[in-house]
Amino acid sequence: MAIEVLKAGLATTVQDLGRPGHYDVGIPLSGAMDRFALRVANMLVGNDEGAAALECVFMGPSLRFSTDALVAVTGAELPPKLDGVPRPTWTSFAVAAGQVLSFDYLRRGARAYVAVAGEIDVPLVLGSRSTYALGALGGLEGRALKAGDVLPVGLPGGAASVGQSVADDLRRGSQTATALRMMPGLYHHRVTPDSLDGFFADAWAVAPEADRIGYRFRGGRPLAFVDRRPPFGAGSDPSNIVDSCYPYGSIQVPGGTEPIVLHRDAVSGGGYFMLGTVISADMDFIGQLQPHAKVQFTPVTMDEALAARRERQATLDRVRKAMGAPIEGSDTARLAP
Amino acid sequence: MTVTTVACPLPGTFYRRPAPGQAPFKEIGDAVAVGDTIGLIEVMKTFMPIEAETAGTLQAFHVDDEEPVMAGQPLYDIDV
């Protein structure tokens, strides 16, 4: 079974839950920017939660199916159409051989996930099918889809059925986030206390260049730095540090002007100071922010961050229960960021 | 004559010119053929051409050059 790409969309890529474990050698996590939505899309079509699906950003592709298939679209409200006839999101639907799946314009959110029963069967690279386009790794030939591509689909293994749906209150991330929770550190001491208060008070708008590597924000006041004698190797720019590791979710502010939250395809280290790290429970919400959307950064404690992670986990468990998907076996996923 | 309003297919920044200092792709009153570029949307460091899906005469722009635009927002009017 295969899917022919008629139109590619803006930057449609194959993504699963990513390839953790290689950040030390500079290979990023990759994987879906909204991992909750990816998991649910897979469950709706009877795949393993971590199966490979398509991530469509802002604009959907046009896809022709060579055989019958079971499909679900979750995440952003990017209305699917089958031969031009609307189909619901967050609900599995049947596609007949020869039919074309296309999408109406984006109504809400930023990234939609298209799961197909049997998953998008591109080769595993370092344990993942995710596309890391910057490194030309994984996915389909290490790149975003192009018109004329043919996507291989595996054999459906699950027992999913047409019309399986997710209750509205379990469609996590379907409302646009207005606050991102973050833990200050490790270098927030580099800015003055007044300046840090200003950072939390200001509204920050998503810059149009925000992508899978990092989400850049602008519109808040520039940061004021504490005077220092530059440590050896840091250079004279007050926003620089001696090189350090960059965690997933860390917020760097080059020059003190525009914060960048590092996301799934980020570099693993460098010399910009980090004001804090967005908590893992809120990283999916960033993946659904459109350009010009405004957010505030809210400082939280480690206890609050862990409580938020448990809450996300509980929501996922409710989805699993509602769909009869296995809850056990996800213990590693529970601990992963 | 029927005037149709065309919505922007994706969010980003709208450009009416291929590059700064160059002439706009289309002016109001210009004839438009299917596949003609009306403008560009810049998002994620990518410039996505907005191509006409119907032929006609360009009547109006609803978004100014270099202005932010959201998906679904009216972008231009065409008299078909």
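Asp83(A) counts as partly exposed, because its relative accessibility is 47% and the partly exposed class runs between 20% and 50%. The residue sits in the loop between β6 (80–82) and β7 (85–86) of chain A, and its phi is positive, about 50 degrees, although it is not a glycine. The model is predicted. Chain A has five helices and 20 strands, while chain B has zero helices and eight strands.

**Backbone geometry in chain A**

- Most residues other than glycine have a negative phi, and most peptide bonds are trans.
- Asp83(A) departs from the first of these patterns with its phi of about 50 degrees.
- His292(A) is another non-glycine residue with a positive phi, here about 75 degrees.
- The loop that holds His292(A) runs between α3 (280–286) and β20 of chain A.
- His292(A) has a relative accessible area of 27%, so it is classed as partly exposed.
- The peptide bond from Gly185(A) to Leu186(A) is cis, with omega near -10 degrees.
- Leu186(A) belongs to the loop between β12 and α2 of chain A.

**Helix α2 of chain A and its cover**

- Which residues of helix α2 (residues 193–201) of chain A are buried? They are Ser195(A), Leu196(A), Gly198(A), Phe199(A) and Phe200(A).
- An α-helix has 3.6 residues a turn, so residues three or four places apart point the same way.
- The cover over the buried residues of α2(A) includes the strands β12 (179–184) and β13 (204–206) of chain A.
- Also included in that cover are β16 (250–252), β19 (274–278) and β20 (294–299) of chain A.
- Two of these strands also border loops described above: β12 of chain A comes before the loop with Leu186(A), and β20 of chain A comes after the loop with His292(A).

**Chain A as a whole**

- Chain A has a radius of gyration of 20 Å, close to the 20 Å that the globule rule gives for 337 residues, so it is as compact as a globular protein of that length.
- Along the principal axes, the C-alpha atoms of chain A fill a box of roughly 65 × 35 × 35 Å.
- Of the 337 residues in chain A, 57% are buried.
- Taking contacts in chain A between residues at least 6 apart in sequence, 73% join residues at least 24 apart.
- Chain A has an accessible surface of about 13,500 Å², and carbon and sulfur atoms account for 56% of that area.
- Chain A carries 32 positive and 35 negative charges, and the mean positions of the two sets are 2 Å apart.
- An unreviewed UniProt entry places the feature "domain: Carboxyltransferase" at residues 24–315 of chain A.
- Over residues 24–315, chain A is 14% helix and 28% strand, and the end C-alpha atoms are 32 Å apart.

**Chain B as a whole**

- The elements of chain B follow the pattern β-β-β-β-β-β-β-β along the sequence.
- The radius of gyration of chain B is 12 Å, which agrees with the value near 12 Å that a compact globule of 80 residues would have.
- The box filled by the C-alpha atoms of chain B is roughly 35 × 25 × 20 Å along the principal axes.
- Buried residues are 36% of the 80 residues of chain B.
- Among contacts in chain B between residues at least 6 apart in sequence, 59% join residues at least 24 apart.
- Chain B exposes about 4,000 Å², with 51% supplied by carbon and sulfur atoms.
- There are 4 positive and 12 negative side chains in chain B, and the centres of the two sets lie 6 Å apart.
- The UniProt annotation "domain: Lipoyl-binding", from an unreviewed entry, covers residues 1–79 of chain B.
- Across residues 1–79, chain B is 0% helix and 49% strand, and the end C-alpha atoms are 6 Å apart.

**Glu67(B) and its contacts**

- Glu67(B) lies in strand β7 (residues 67–69) of chain B.
- Is Glu67(B) buried or partly exposed? Its relative accessibility is 37%, so Glu67(B) counts as partly exposed.
- Apart from neighbours within four places in sequence, Glu67(B) is in contact with Gly12(B), Thr13(B) and Phe14(B).
- Phe14(B) and Glu67(B) are 53 residues apart in sequence, with their C-alpha atoms 5.5 Å apart in space.

Methods. Residues numbered from 1 in each chain as written. Chains lettered and ligands numbered in written order. Predicted model: local features only at pLDDT ≥ 70, side-chain atom pairs only at ≥ 80, totals over all residues. Heavy atoms only, no water. UniProt positions renumbered as here; feature names shortened; annotations may be inferred. Helix = DSSP H or I, 4+ residues; strand = E, 2+ residues; numbered from the N terminus. Rg over C-alpha atoms; globule rule 2.2 N^0.38 Å. Buried < 20%, exposed > 50% of the residue type's maximum accessible area, 1.4 Å probe, protein only. Contact = heavy atoms within 4.5 Å. Areas by Shrake-Rupley, 256 points an atom, 1.4 Å probe, with all protein chains shown as cover. Lys, Arg positive; Asp, Glu negative; His and termini not counted. Charge placed at Lys NZ, Arg CZ, Asp CG, Glu CD.
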